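User: Can you walk me through the charged pairs and the core here? Short answers are fine.

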Amino acid sequence: MTPLPSMLRRRAYALALLGVVLLVLACVLPPVAQPQDYHDFADKRAWLGIPNFGNVASNIAFLLAGLAGLAVMRTPAVRAMGLASRYGYDLMFLGLLLTAFGSSYYHWAPSDARLVWDRLPMTVVFMPLLAATFAERLHWRSLLPLLVLTLLGIGSVVYWKFSGNFLPYLMAQAGSILLILLALAWLPTPWTGRRLMIPALACYAFAFVCERLDAQIFQLTGGAISGHSIKHLGAAAAFYFIWRMLKQQRLKTDFNS
């Protein structure tokens, strides 16, 4: 990577230290078991021979977002990015495609065994996004950070599968969002349009709230749609803003890192 100004370097070190602290906490804090009532979703209606139709079918939003994202990665503005950041966004959109299938498989017959295949591709969404966010700001040339972060995310799910402790997965997901927010605030980028990350993260927060209010939303809408189905749509909407950000981006002519 190219040399960084001293202030930017100090901020990068601080964020790296925070990441290490989160990793250590995930390893030393008491284990957290997966609550079994998590699988008890409000909308259990079948349609067209598909069980839990609402929660299965709403995953098409991830499929569409992933396909649109992979298409935008072929545009000249995106191909002008550094290799590390470009590959990070590429892998993120590929993870969205895999999430569409993994989440559909899980919601067809919810269980811990199937939930693994939902969460594995999700880590290939938020960890590459974290890597891409830092790569474009810190001018990473190596793909090693992207590889390490992605493997840490995948490893957190594998660890939960064999240990029963899904705290590392929670820490990977929440920690990546926290680090992305701090990177947006602290680290300048040579690319325009990064304010669109704010509505993207807001959509993610909205999706989280809807997931928690699954049954209440299902009851409030008279059984029309559940909170978890809206969660899928809201989370996919976050990547519309990232797609738009990448599609419209330009190099800043007055950028001085």
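Analyst: We can take salt bridges, then the nonpolar core; keep in mind that this is a predicted model.

User: How many salt bridges does the structure hold?

Analyst: Five.

User: Start with Asp-43. What does Asp-43 form a salt bridge with?

Analyst: Its partner is Arg-45. The closest N and O atoms are 2.9 Å apart.

User: Is Asp-43 buried or exposed?

Analyst: Asp-43 is buried, at 3% relative accessible area. Arg-45 is partly exposed, with 43% relative accessibility.

User: Next one. Which side chain meets Glu-136 in a salt bridge?

Analyst: That of Arg-194, with 2.9 Å from N to O. The two are 58 residues apart, so this pair links distant parts of the chain. Glu-136 is in helix α6, residues 112–138. Arg-194 is in the loop between α8 (167–186) and α9 (197–212).

User: And burial? Are Glu-136 and Arg-194 buried or exposed?

Analyst: Glu-136 is buried, with a relative accessible area of 4%. Arg-194 is buried too, at 8%.

User: What about Lys-231? Which residue does it meet in a salt bridge?

Analyst: Glu-211, at 3.4 Å from N to O. Glu-211 lies in helix α9 and Lys-231 in helix α11 (residues 227–248), so the bridge ties together parts 20 residues apart in sequence. Lys-231 is buried, with 14% relative accessible area.

User: Which residues do shared partners join into one network?

Analyst: Glu-136, Arg-137 and Arg-194 are joined that way, through salt bridges.

User: Switching to the core. Which residues touch the most other members of the largest nonpolar core?

Analyst: Tyr-89, Met-92, Phe-93, Phe-134, Phe-239, Ile-242 and Leu-246. The core has 60 residues.

User: Which helices each supply at least two residues?

Analyst: α1 (6–28), α3 (60–72), α5 (83–108), α6, α7 (144–163), α8, α9 and α11.

User: Which one gives the most?

Analyst: α6, with 14 residues. Helix α6 also holds Glu-136 from the pair with Arg-194.

User: Back to Phe-134. What does it touch, leaving out residues up to four places away in sequence?

Analyst: Leu-15, His-139, Trp-140, Leu-179, Ala-183 and Leu-187. Phe-134 is also on the list of core residues that touch the most other members.

User: Quick recap of the long-range bridges?

Analyst: Glu-136 with Arg-194 links distant parts of the chain. Glu-211 with Lys-231 ties α9 to α11.

Definitions and conventions:
Residues numbered from 1 in each chain as written. Predicted model: local features only at pLDDT ≥ 70, side-chain atom pairs only at ≥ 80, totals over all residues. Heavy atoms only, no water. Salt bridge = Lys/Arg side-chain N within 4 Å of Asp/Glu carboxyl O. Buried < 20%, exposed > 50% of the residue type's maximum accessible area, 1.4 Å probe, protein only. Helix = DSSP H or I, 4+ residues; strand = E, 2+ residues; numbered from the N terminus. Core = buried A, V, L, I, M, F, W, Y, C linked by side-chain atoms within 4.5 Å. Contact = heavy atoms within 4.5 Å.
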